[in-house]
Amino acid sequence: SSSAASDVYKRQGDYLVKFAVQTGDGNFSGNEGTSTLNANITLTTDSSGTARISYTAGSQEGENIITATGLPALQVGSPANFTLTVLPRKPNKLIKRSGDNPQQVATVNSLLSSPFKVRILDPFGNNMNGGIKVIFKVLNGGGKFSSLDSAIVESNTDGEAEATLRLGTLAGTQSVKVYLLNYPDVPSVTFNAIATPGPAAKMLTAIANPFTYKAGYSPIPLQIKITDQYDNPKPGHQVEFKITQGNGQLEGGTSPVNVNSNNQGIATVNFKLGTNVSVINLVTATSYKVNSQQQLTGSPYTFRGFVTPDTAHHIVKISGDNPIQQAPIGSVLPDSFVIQIRDQYNNPVPAQMVTFEALCQDGRIGNNTILDRTTDDNGEAFVFYTLCFKAGESSDSVSVYIKNRSDINPVLF
């Protein structure tokens, strides 16, 4: 708004002066942002002969003329004209009219059902006129306005502008900033919409595969990730896990097992590895498109689990004293003493230290009475034994044991 003050002089007070708006729609009451037709007011001059009034411009742009007329009319200077120019209104505020309250939710890469709509206000809260350029700018998510990441829209006669967003391919909250092209001082507004994943389209492993653990190890979380065609995680989609080889077990002891993907698109089932090192454990995951017999891309997927031996559990004699060997005292027996270290599932345990000890004082294993050996890839270790100098079957024997493992019984040759 603009204001103008006018002085009308006469030689004495108590003279009536009428102020009247000739062109324009302002007022003398100080009401900003309102339009008043033919506003006028009559005042009495003060002791100095002055009459003063403030004028508040209305919404009409251009030249406003106010006259001051003496009552009764003076011969000189009456009426007096005051002229001021009312400049065009400038936008002062941008408000959201509709589009995200409530927030819109739609599938990725789909057109929202309602546009984002704004209204432009002047400093007095009135609607601006048309022709003001409004920018709708995508901030994230890859959305588009007619294949572009921004749109320029001119406001209509109600000061409103709108644009409809096609969501991008990234699931989650997608945001659009709206601002005025030629009025950077007017604060922007931001609209948000939620993009949900599309239908399940692909599956892939979410863990390292193949994997290797000790026999009977558990739990091993087998995980499949379900996504839409744009790689967004897809929750709530069913995956079937089925053992196809090996004696492992799925969670709950049954096979197959159906699991739904979580909010991260991950379907998980716990697996107990089988116990046979010679058998590769295979678990196959399968998933189908919704209401279809067509499998997802990447389905079926097979997990491969390799079994390594558990820790040493017992010692087994393989050969060397059945039948009992005979030889002259002090000589080397023709056949070696062979043992095998096994785990609790009877798998051979390689790289295990085992001790051979001659129980006869002058018996020898190599050049010693005690010798440590390490089992080979088949869990076996052997020694050649030199008999002591005492004849008789019961006079010579060799003990085989694992040091610091009192829970494992030794064997005797």
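Phe356 of strand S24 has a bridge partner in strand S26, namely Leu371. The model described here is predicted. Strand S24 covers residues 353-358 and strand S26 covers residues 370-374; the two run antiparallel and are joined by 5 bridges. Strand S24 also pairs with strand S29, residues 398-401, in the antiparallel sense, over 4 bridges. In that pairing, Glu357 has Ser399 of S29 as its bridge partner.

Another set of strands forms an open sheet. Its 4 strands follow the order S13-S15-S19-S17, and their pairing is antiparallel. At the edges are strand S13 (202-205) and strand S17 (249-250), each of which pairs on one side only. Strand S17 is joined by 2 bridges to strand S19, residues 266-272, and these two run antiparallel. Here Leu250 stands opposite Phe271 in S19.

The strand pairs described above with their bridge counts are set out below.

| Strand pair | Bridges | Sense |
|---|---|---|
| S24 and S26 | 5 bridges | antiparallel |
| S24 and S29 | 4 bridges | antiparallel |
| S17 and S19 | 2 bridges | antiparallel |

Strand S15 of the open sheet spans residues 220-227 and contains Thr227. Is Thr227 buried or exposed? Thr227 has a relative accessible area of 3%, and it counts as buried because the cut-off for that class is under 20%. Leaving aside neighbours within four places in sequence, Thr227 is in contact with Pro199, Ala200, Ala201, Lys202, Leu204, Asn232, Pro233 and Lys234.

Phe382 gives a second case. This residue is found in strand S27, residues 380-383. Its relative accessible area is 40%, so Phe382 is partly exposed, a class that lies between under 20% for buried and over 50% for exposed. Together with Val332 and Phe384, Phe382 makes a nonpolar surface patch of about 280 Å².

Nonpolar residues are also found in the interior. In soluble globular proteins, nonpolar side chains tend to be buried together. The largest nonpolar core of this model has 27 residues, and Val118, Phe136 and Val178 are those with the most contacts inside it. At least two residues of this core come from each of strand S7 (116-121), strand S8 (133-138), strand S9 (150-154), strand S10 (160-163), strand S11 (172-180) and strand S12 (189-196). Strand S12 supplies the largest share, 4 residues.

Note on methods:
Residues are numbered from 1 along each chain as its sequence is written. This is a predicted model: local features need pLDDT of at least 70, side-chain atom pairs count only at pLDDT 80 or more; totals for chains, interfaces and linings use all residues. Side-chain values use heavy atoms; hydrogens and water are left out. Two strands pair if DSSP finds at least two bridges between them. Patches are made of residues with over 30% relative accessible area and no salt bridge: like charges are joined within 9 Å, nonpolar side chains (Val, Leu, Ile, Met, Phe, Trp, Tyr) within 5 Å. Accessible areas come from the Shrake-Rupley method with a 1.4 Å probe; for residues, only the protein chains shown count as cover. A salt bridge is a side-chain nitrogen of Lys or Arg within 4 Å of a carboxyl oxygen of Asp or Glu. Buried means under 20% relative accessible area, exposed over 50%, partly exposed in between (1.4 Å probe, protein chains only). Contact means heavy atoms within 4.5 Å. A nonpolar core is a set of buried Ala, Val, Leu, Ile, Met, Phe, Trp, Tyr and Cys residues joined through side-chain atoms within 4.5 Å.
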